[in-house]
Amino acid sequence: MSDQSVGRPARRAKAEPRTPRSPQAQRRQQDILAIAMDTFAARGYNNASLAEIAERAGVTQAGVLHYFRSKALLLTSVLELRDRTDIEQLGAERPRGLAFLRHLVDTARRNAEREGIVRLYAVLSAESVTDDHPAQPYFRDRYTGLRAFVTDALIEACGLPETDRARAHDAANAIIAVMDGLQVQWLLDPGSVDMAASTDLAVTSLLATLAPDRFGRPGA
């Protein structure tokens, strides 16, 4: 699911990107980040080369490495840029309970307007399951954090006791799976998929299953 604002922060790389001093160097670094984001989204991490990113940015490979030290650190910086963008859109405080679940539907709606970011997430999350992929810790942490947030939101919205946490946990996995699967379908055939409507249906159905007294339809 393409919304890093609700997962745990990415693990820090051992090295940090250089901090440019001049405005011109800062703009160059941001340009490289934007081009790397687009290139990783289109080709994946393993197939995207520093040479290609450097050529598109109008610098040498050494120039890219001057700012980011390594290809793996460049990838981490791209993912962290995504995090900052989503956190800014989320606002000062994360919603809770039912409001958080509605936020997930809003996220699906917003994602339909940012194809590049959705493609980046879909490509890299799938690619990260391969051995020694540098984004694997990032996505593992992200799913752990997101799963916990959605589970807590379901428990709060449905008024479930802690003894029902396992059911809420399973429902959280289902919601995340629906949203991620919808993104892949939408990328392949956007005219056939309404990500927000399908996410809303999944969330509504699970709420009614977990708490029929609160969310079940009258007469059902």
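## Leu124 and the largest core

In this predicted model, Leu124 is in contact with Phe40, Tyr45, Leu75, Leu79 and Phe139, once its neighbours within four places in sequence are left aside. Leu124 is also one of the buried residues of helix α6, and the others in that helix are Ile117, Val118, Leu120, Tyr121, Ala122, Ser125 and Glu127. The helix itself runs over residues 115-127, and its 13 residues reach 18 Å from the first C-alpha to the last, close to the 18 Å expected at 1.5 Å a residue.

Leu124 belongs to the largest nonpolar core, which holds 30 residues, and together with Ile32, Phe40 and Leu74 it touches the most other members. At least two residues of this core come from each of α1 (23-47), α2 (50-57), α3 (61-68), α4 (71-90), α6 and α7 (136-158), and α1 gives the most, with 9 residues. Apart from this core lies another, of 27 residues, which includes Ala153, Ile155, Ala172 and Ile175. As a general background, nonpolar side chains in soluble globular proteins tend to be buried together.

## The fold as a whole

The secondary structure of the protein comes to 10 helices and 0 strands, so that a reader who follows the sequence meets the pattern α-α-α-α-α-α-α-α-α-α. Of the 220 residues in the protein, 45% are buried, and the protein exposes about 11400 Å², of which carbon and sulfur atoms supply 50%. Among contacts with a separation of 6 or more, 73% join residues that are 24 or more positions apart.

## Helix α8 and its partners

Helix α8 covers residues 165-188, and its 24 residues reach 35 Å from the first C-alpha to the last, close to the 34 Å expected at 1.5 Å a residue. The buried residues of this helix are Ala168, Ala171, Ala172, Ile175, Ile176, Met179, Asp180, Leu182, Gln183 and Trp186, and they pack against α5 (97-111), α6, α7 and α9. When such a list is read along a helix, it helps to recall that an α-helix has 3.6 residues a turn, so residues three or four places apart point the same way.

Two residues show this packing from the side of the partner helices. Val150 is found in helix α7 and counts as buried because its relative accessibility is 0%, with the limit for buried residues set at under 20%. Leaving aside neighbours within four places in sequence, Val150 is in contact with Phe100, Leu101, Leu104, Ala172 and Ile175; the C-alpha atoms of Val150 and Leu101 are 7.4 Å apart in space, although the two residues are 49 residues apart in sequence. Thr199, in helix α9 (residues 195-210), is buried as well, with a relative accessible area of 1%. With the neighbours within four places set aside, Thr199 is in contact with Leu104, Val105, Ala108, Met179 and Leu182, while a polar atom of the Thr199 side chain lies 2.7 Å from the backbone oxygen of Met195.

Helix α9 also contains Ser205, which counts as partly exposed at 37% relative accessibility. The C-alpha atoms of Ser205 and Phe215 are separated by 8.7 Å, and the two residues lie 10 residues apart along the chain.

## Two loop residues with positive phi

Most residues other than glycine have a negative phi, and against that background two residues deserve a careful look. Arg69, which is found in the loop between α3 and α4, has a phi near 70°, a positive value in a residue other than glycine. Asp132 sits in the loop between α6 and α7 and has a positive phi of about 60°, although it is not a glycine.

Their surroundings can be described by accessibility: Arg69 counts as partly exposed at 41% relative accessibility, whereas Asp132 is exposed, with a relative accessible area of 77%.

## How far to trust the model

The protein averages a pLDDT of 87, and 88% of the residues score at least 70. Over residues 8-14, however, pLDDT stays under 50, and for this stretch the model has 13 contacts beyond four places in sequence. Where pLDDT is low, the predicted coordinates should not be read in detail.

Key:
Residues numbered from 1 in each chain as written. Predicted model: local features only at pLDDT ≥ 70, side-chain atom pairs only at ≥ 80, totals over all residues. Heavy atoms only, no water. pLDDT = per-residue confidence, 0-100. Contact = heavy atoms within 4.5 Å. Helix = DSSP H or I, 4+ residues; strand = E, 2+ residues; numbered from the N terminus. Buried < 20%, exposed > 50% of the residue type's maximum accessible area, 1.4 Å probe, protein only. Areas by Shrake-Rupley, 256 points an atom, 1.4 Å probe, with all protein chains shown as cover. Expected span 1.5 Å × (residues − 1). Polar contact = N/O pair within 3.5 Å; in protein donor to acceptor, adjacent residues only side chain to side chain. Core = buried A, V, L, I, M, F, W, Y, C linked by side-chain atoms within 4.5 Å.
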